[in-house]
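Hello,

Here is the structure I promised to pass on. Please open it alongside this email; my notes follow below it.

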Amino acid sequence: GTTSLDARGRVQGRTAAEQTTISLRKVEKALKSAGARLADLTRLTIFVTDIREMGAISKALGRALKGSVVSATMVGVSALATPGLQVEIEATAVVGS
(Lines give C-alpha, C1' and ligand atoms only; values in the text may rest on other atoms or scores of the structure.)
Protein backbone atom coordinates (compact mmCIF):
# COMPACT_ATOMS: atom_id res chain seq x y z
CA GLY A 1 0.00 0.00 0.00
CA THR A 2 0.89 3.66 -0.26
CA THR A 3 1.19 5.91 2.77
CA SER A 4 2.17 9.48 3.50
CA LEU A 5 5.68 8.54 4.64
CA ASP A 6 8.41 10.67 3.12
CA ALA A 7 11.71 9.33 1.76
CA ARG A 8 13.17 9.29 5.29
CA GLY A 9 10.25 7.31 6.71
CA ARG A 10 8.64 10.27 8.48
CA VAL A 11 4.86 10.60 8.58
CA GLN A 12 3.61 13.56 6.55
CA GLY A 13 0.18 15.06 7.27
CA ARG A 14 -1.40 15.52 10.68
CA THR A 15 -4.95 14.49 9.79
CA ALA A 16 -6.39 11.48 8.00
CA ALA A 17 -7.56 13.76 5.18
CA GLU A 18 -4.08 15.26 4.75
CA GLN A 19 -2.52 11.79 4.74
CA THR A 20 -5.08 10.67 2.14
CA THR A 21 -4.21 13.58 -0.14
CA ILE A 22 -0.46 12.97 0.20
CA SER A 23 -0.88 9.23 -0.40
CA LEU A 24 -2.98 9.82 -3.52
CA ARG A 25 -0.34 12.22 -4.88
CA LYS A 26 2.17 9.37 -4.52
CA VAL A 27 -0.24 6.96 -6.26
CA GLU A 28 -0.65 9.50 -9.07
CA LYS A 29 3.13 9.82 -9.45
CA ALA A 30 3.50 6.02 -9.65
CA LEU A 31 0.70 5.82 -12.22
CA LYS A 32 2.33 8.51 -14.36
CA SER A 33 5.60 6.56 -14.37
CA ALA A 34 3.62 3.60 -15.77
CA GLY A 35 1.92 5.72 -18.43
CA ALA A 36 -1.37 5.92 -16.54
CA ARG A 37 -3.38 8.48 -14.60
CA LEU A 38 -5.83 8.59 -11.71
CA ALA A 39 -8.73 8.08 -14.16
CA ASP A 40 -7.28 4.60 -14.87
CA LEU A 41 -7.87 3.49 -11.28
CA THR A 42 -10.38 0.68 -10.95
CA ARG A 43 -10.16 -0.18 -7.25
CA LEU A 44 -8.99 1.34 -3.98
CA THR A 45 -8.70 -0.28 -0.59
CA ILE A 46 -8.22 2.32 2.12
CA PHE A 47 -7.02 1.16 5.53
CA VAL A 48 -7.77 3.64 8.32
CA THR A 49 -6.98 3.64 12.01
CA ASP A 50 -10.13 5.61 12.89
CA ILE A 51 -13.20 4.73 10.82
CA ARG A 52 -14.89 7.84 12.21
CA GLU A 53 -12.67 9.80 9.78
CA MET A 54 -14.53 8.21 6.86
CA GLY A 55 -16.25 11.47 5.88
CA ALA A 56 -13.05 13.52 5.81
CA ILE A 57 -11.20 10.78 3.93
CA SER A 58 -14.04 10.44 1.40
CA LYS A 59 -13.98 14.19 0.75
CA ALA A 60 -10.20 14.10 0.20
CA LEU A 61 -10.64 11.17 -2.19
CA GLY A 62 -13.34 13.03 -4.10
CA ARG A 63 -11.17 16.12 -4.48
CA ALA A 64 -8.20 14.09 -5.72
CA LEU A 65 -10.15 11.84 -8.08
CA LYS A 66 -12.09 14.76 -9.61
CA GLY A 67 -15.21 12.83 -10.56
CA SER A 68 -13.58 9.53 -11.55
CA VAL A 69 -15.65 6.52 -10.59
CA VAL A 70 -13.56 4.06 -8.60
CA SER A 71 -14.70 1.06 -6.60
CA ALA A 72 -13.45 1.58 -3.04
CA THR A 73 -13.48 -0.25 0.25
CA MET A 74 -12.56 1.40 3.54
CA VAL A 75 -11.31 -0.91 6.29
CA GLY A 76 -10.86 0.06 9.92
CA VAL A 77 -7.66 -1.33 11.44
CA SER A 78 -6.17 -1.07 14.92
CA ALA A 79 -2.81 0.25 13.66
CA LEU A 80 -0.62 0.67 10.60
CA ALA A 81 3.07 -0.24 10.28
CA THR A 82 4.49 3.12 11.40
CA PRO A 83 3.24 5.01 14.45
CA GLY A 84 1.35 8.12 13.40
CA LEU A 85 0.10 6.72 10.12
CA GLN A 86 -3.68 6.96 9.89
CA VAL A 87 -4.25 5.99 6.24
CA GLU A 88 -2.80 3.45 3.81
CA ILE A 89 -4.12 3.09 0.28
CA GLU A 90 -3.89 0.11 -2.07
CA ALA A 91 -4.66 1.07 -5.66
CA THR A 92 -5.33 -0.98 -8.78
CA ALA A 93 -5.39 0.54 -12.25
CA VAL A 94 -5.95 -0.82 -15.75
CA VAL A 95 -3.55 0.61 -18.29
CA GLY A 96 -3.81 0.37 -22.05
CA SER A 97 -6.98 -1.67 -22.32
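Start at Leu44. Its contacts beyond four places in sequence fall into three stretches of numbering. They include Leu61 and Leu65, then Val70, Ser71, Ala72 and Thr73, then Ile89, Glu90 and Ala91. Bear in mind that this is a predicted model.

Leu44 also belongs to the largest nonpolar core. That core has 16 residues. Which of them touch the most other members? They are Leu41, Leu44, Ile46, Ile57 and Val87. The core draws at least two residues from each of α1 (16-33), β1, α2 and β3 (87-93).

Now the overall layout. The chain has two helices and three strands. Read from the N terminus, the order is α-β-α-β-β. The radius of gyration is 13 Å, close to the 13 Å that the globule rule gives for 97 residues, so the chain is as compact as a globular protein of that length. The C-alpha trace spans about 40 × 30 × 20 Å along its principal axes.

Some totals for the chain. Buried residues make up 29% of the 97. The exposed surface comes to about 5800 Å², and carbon and sulfur atoms supply 51% of it. Take the contacts between residues at least 6 apart in sequence: 75% of them join residues at least 24 apart.

Next, Thr45. It sits in strand β1, which covers residues 41-48. Is Thr45 buried or exposed? Its relative accessibility is 11%, so it counts as buried, the cut-off being under 20%. The side chain of Thr45 makes a polar contact of 2.7 Å with the side chain of Arg43. Leaving out residues up to four places away in sequence, Thr45 touches Thr73, Val75, Glu88, Ile89 and Glu90. Thr73, Ile89 and Glu90 also appear among the contacts of Leu44.

On to the charged pairs. How many salt bridges are there? The count is two.

- Asp6 and Arg10: their side chains meet with 2.9 Å from N to O. Asp6 is partly exposed at 22% relative accessible area. Arg10 is partly exposed too, at 45%.
- Arg52 and Asp50: the closest N and O atoms are 2.9 Å apart. Arg52 is exposed, with a relative accessible area of 72%. Asp50 is partly exposed at 24%.

For the second pair, then, the arginine is exposed, while the aspartate is partly exposed. The cut-off explains the labels: exposed means over 50%, so Arg52 at 72% passes it. Asp50 at 24% falls between the two limits, so it is called partly exposed.

One backbone detail to look at is Lys66. Where does Lys66 lie? It is in the loop between α2 (54-65) and β2 (71-76). Lys66 is not a glycine, yet its phi is positive, at about 50°. Lys66 is also exposed, with 72% relative accessibility.

If you want a route through the model, begin in the core at Leu44, one of the residues there that touch the most other members. Step along to Thr45 in strand β1. Then view the salt bridge between Asp6 and Arg10, and the one between Arg52 and Asp50. Finish at Lys66 in its loop.

Best wishes

Technical notes. Residues are numbered from 1 along each chain as its sequence is written. This is a predicted model: local features need pLDDT of at least 70, side-chain atom pairs count only at pLDDT 80 or more; totals for chains, interfaces and linings use all residues. Side-chain values use heavy atoms; hydrogens and water are left out. A salt bridge is a side-chain nitrogen of Lys or Arg within 4 Å of a carboxyl oxygen of Asp or Glu. Buried means under 20% relative accessible area, exposed over 50%, partly exposed in between (1.4 Å probe, protein chains only). Helices (H or I, at least four residues) and strands (E, at least two) are DSSP runs, numbered from the N terminus. A polar contact is a pair of N or O atoms within 3.5 Å; within protein, one must be able to donate a hydrogen and the other to accept it, and residues adjacent in sequence count only if both atoms are side-chain atoms. Contact means heavy atoms within 4.5 Å. The radius of gyration is taken over C-alpha atoms; the globule rule is 2.2 Å times the number of residues to the power 0.38. Accessible areas come from the Shrake-Rupley method with a 1.4 Å probe; for residues, only the protein chains shown count as cover. A nonpolar core is a set of buried Ala, Val, Leu, Ile, Met, Phe, Trp, Tyr and Cys residues joined through side-chain atoms within 4.5 Å.
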